[in-house]
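Subject: the model, and what I found in it

Hi,

Here is the structure I promised to pass on. Have a look at it first, and then read my notes below.

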Amino acid sequence: MVIAETLEKLSNACGVTGREEEVRSLMKKFLKPHVDEVKEDKLGNVIGIKEGKKNTPKVMLAAHMDEIGLLVKTISKEGFLQFTKIGGIDDRILLAQKVIVYTEKGPLHGIIGSKPPHIQKEEERKKVLTYDELFIDVGAENQEQAKRMGAKIGDPVGFDIKFARIGKDIVIGKALDDRVGCAVMIEAMKQLKGKDCTVYAVGTVQEEVGLRGATTAAFGICPDVGIALDVTVAGDVPGVREVEAPIKLKKGPSIEIADAGLITHPKVLRLLVDAAEENKIPYQLETGLPGSTDAARISLTREGVPCGVISVPTRYIHSPISLLSLEDVDNAVKLTVAAIQKIPKYF
Ligand SMILES: [Zn+2]
């Protein structure tokens, strides 16, 4: 399967934080042919292991399987679902979105509604409606009918967006943060040859609420080196100054130097830059991002783990739909494979 097809299946699957089941089963299926063993740990992380020779370094790759979304909080007498947010969602992007409520009885389609603007007061119209003023309309006549349709408190809700290719190498879709990291990891495991490292390819859970899955997975694996595969903000859109977000689409994956939770270990930084330079893989260097990745937690495991991050430049992260270039994805795979192959020389 080519990487765009893998990404499409992963993007369309539901994986609201804490409810990663659908993505988890895809990850197991896609990793299986390329590793010696696939495990699931107690928290739900998927771990694909490619065994190296005896006493070779242990490398942990991490790509998070979860996505930002909503959870049903209450069902009103009139049959509307009120919700809470999971992960960093901007209230401004919620109104009028098509969503899917994942119930035990199957998916329920709905839209996010609000008090109609026509009857809002002047000052109401000027302010952003917060999530607790919004509701999901699944077309139910009342609370009983909504429940009969399958809705209940705690159901995860995802955005109803289908993956699409909109240009030769540009794709759009839901949850590309971080299904693209998952796709890069699967493809890297497919292409990786040799037994000079033992590689743990980990699809992590609950990244968006505090890097939780990576914390426990890294404790279990106790790696010598960690590399998170994630997305970064592509700032090449109107209204963004270079100094705010210098990373651009189609200029190669970004190698992170520092973010809010990690200062890339100098040896890992050298490894990644050398791997890119020697193999003529385009790359961008990035520093000062306010967020963080699974690498932040992996680096603090036990007595410490040297870590770095390879990110795919992506526009409109943490909105219902984002956009990226498949050329950058291919180069992220090349960089991941090249870096792993060089690890024994550096560690
Ligand atoms: Zn992410």
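Let me begin with a small detail: Arg-302 counts as exposed, because there are just 9 C-beta neighbours inside 10 Å of that residue. Arg-302 sits in the loop that runs between α8 and β16 (307-315), and its phi is positive, near 45 degrees, although the residue is not a glycine. As background, most residues other than glycine have a negative phi, and most peptide bonds are trans. Please keep in mind throughout that this is a predicted model.

A few other spots go against that background. Ala-96 also has a positive phi, near 70 degrees, and is not a glycine either. You'll find Ala-96 in the loop between β5 (81-86) and β6. Is Ala-96 buried or exposed? Ala-96 counts as exposed, because it has 10 C-beta neighbours inside 10 Å. Then there is Cys-222, which follows α6 and has a positive phi near 55 degrees. Finally, a cis peptide bond links Asp-177 to Asp-178, with omega at about 10 degrees. Asp-178 belongs to helix α5 (residues 176-191).

Now the overall picture. The protein chain has nine helices and 17 strands. Its radius of gyration is 21 Å, close to the 20 Å that the globule rule gives for 347 residues, so the chain is as compact as a globular protein of that length. Along the principal axes, the C-alpha atoms fill a box of roughly 65 × 45 × 40 Å. Buried residues account for 50% of the 347 residues. If you take contacts between residues at least 6 apart in sequence, 76% of them join residues at least 24 apart.

The chain splits into domain 1 (3-67 + 174-346) and domain 2 (69-159). Their centres, taken over C-alpha atoms, are 32 Å apart. Where they meet, eleven residues of domain 1 are in contact with 13 residues of domain 2. On the domain 1 side of that contact there are four nonpolar, three polar and four charged residues.

Next, the inside. In soluble globular proteins, nonpolar side chains tend to be buried together. Here the largest nonpolar core has 105 residues, and the ones that touch the most other members are Leu-61, Leu-81, Val-101, Ile-136, Val-184, Met-185 and Leu-335. Which helix gives the most to this core? That is α9 (residues 326-346), with ten residues. The core also takes at least three residues from each of the two domains. If you want one residue to click on, try Val-184: leaving out residues up to four places away in sequence, it touches Ala-63, Leu-229, Val-312, Val-329, Ala-332, Val-333 and Thr-336.

Helix α6 (residues 212-221) deserves a look too. Seven of its ten residues are buried, so the helix is largely enclosed by the rest of the structure. Those buried residues are Arg-212, Gly-213, Ala-214, Thr-215, Ala-217, Ala-218 and Ile-221. The elements covering them include β2 (46-50), β3 (58-64), β12 (198-204), β13 (225-233) and α8 (294-298).

Last, the strands around β6. Strand β6 (residues 98-103) pairs with β7 (residues 106-113) in the antiparallel sense, over six bridges, and a hairpin of two residues joins them. β6 is also antiparallel to β9 (residues 156-159), with three bridges between them. Ile-100 shows both pairings nicely: it stands opposite His-109 in β7, and its bridge partner in β9 is Gly-158.

In β7 you'll also come across Gly-110. This glycine is buried, because 24 other C-beta atoms lie within 10 Å, and 20 or more is the cut-off. Leaving aside neighbours within four places in sequence, Gly-110 is in contact with Val-99, Val-101, Ile-136, Asp-137 and Val-138. Two of these, Val-101 and Ile-136, are also on the list of core residues that touch the most other members. And to tie this back to the exposed loop, Gly-110 and Ala-96 are 14 residues apart in sequence and 9.7 Å apart in space, C-alpha to C-alpha.

Shout if you'd like to go through any of this together.

Cheers

Notes:
Residues are numbered from 1 along each chain as its sequence is written. This is a predicted model: local features need pLDDT of at least 70, side-chain atom pairs count only at pLDDT 80 or more; totals for chains, interfaces and linings use all residues. Domain bounds come from an automatic or database domain assignment. Two residues are in contact if their C-beta atoms, placed from the backbone, lie within 7 Å. Ala, Val, Leu, Ile, Met, Phe, Trp, Tyr, Cys and Pro count as nonpolar, Asp, Glu, Lys and Arg as charged, and the others, Gly among them, as polar. A nonpolar core is a set of buried Ala, Val, Leu, Ile, Met, Phe, Trp, Tyr and Cys residues joined through C-beta atoms within 7 Å. A residue is buried if 20 or more other C-beta atoms lie within 10 Å of its own, exposed if 12 or fewer, and partly exposed in between; C-beta atoms are placed from the backbone. Helices (H or I, at least four residues) and strands (E, at least two) are DSSP runs, numbered from the N terminus. The radius of gyration is taken over C-alpha atoms; the globule rule is 2.2 Å times the number of residues to the power 0.38. Two strands pair if DSSP finds at least two bridges between them.
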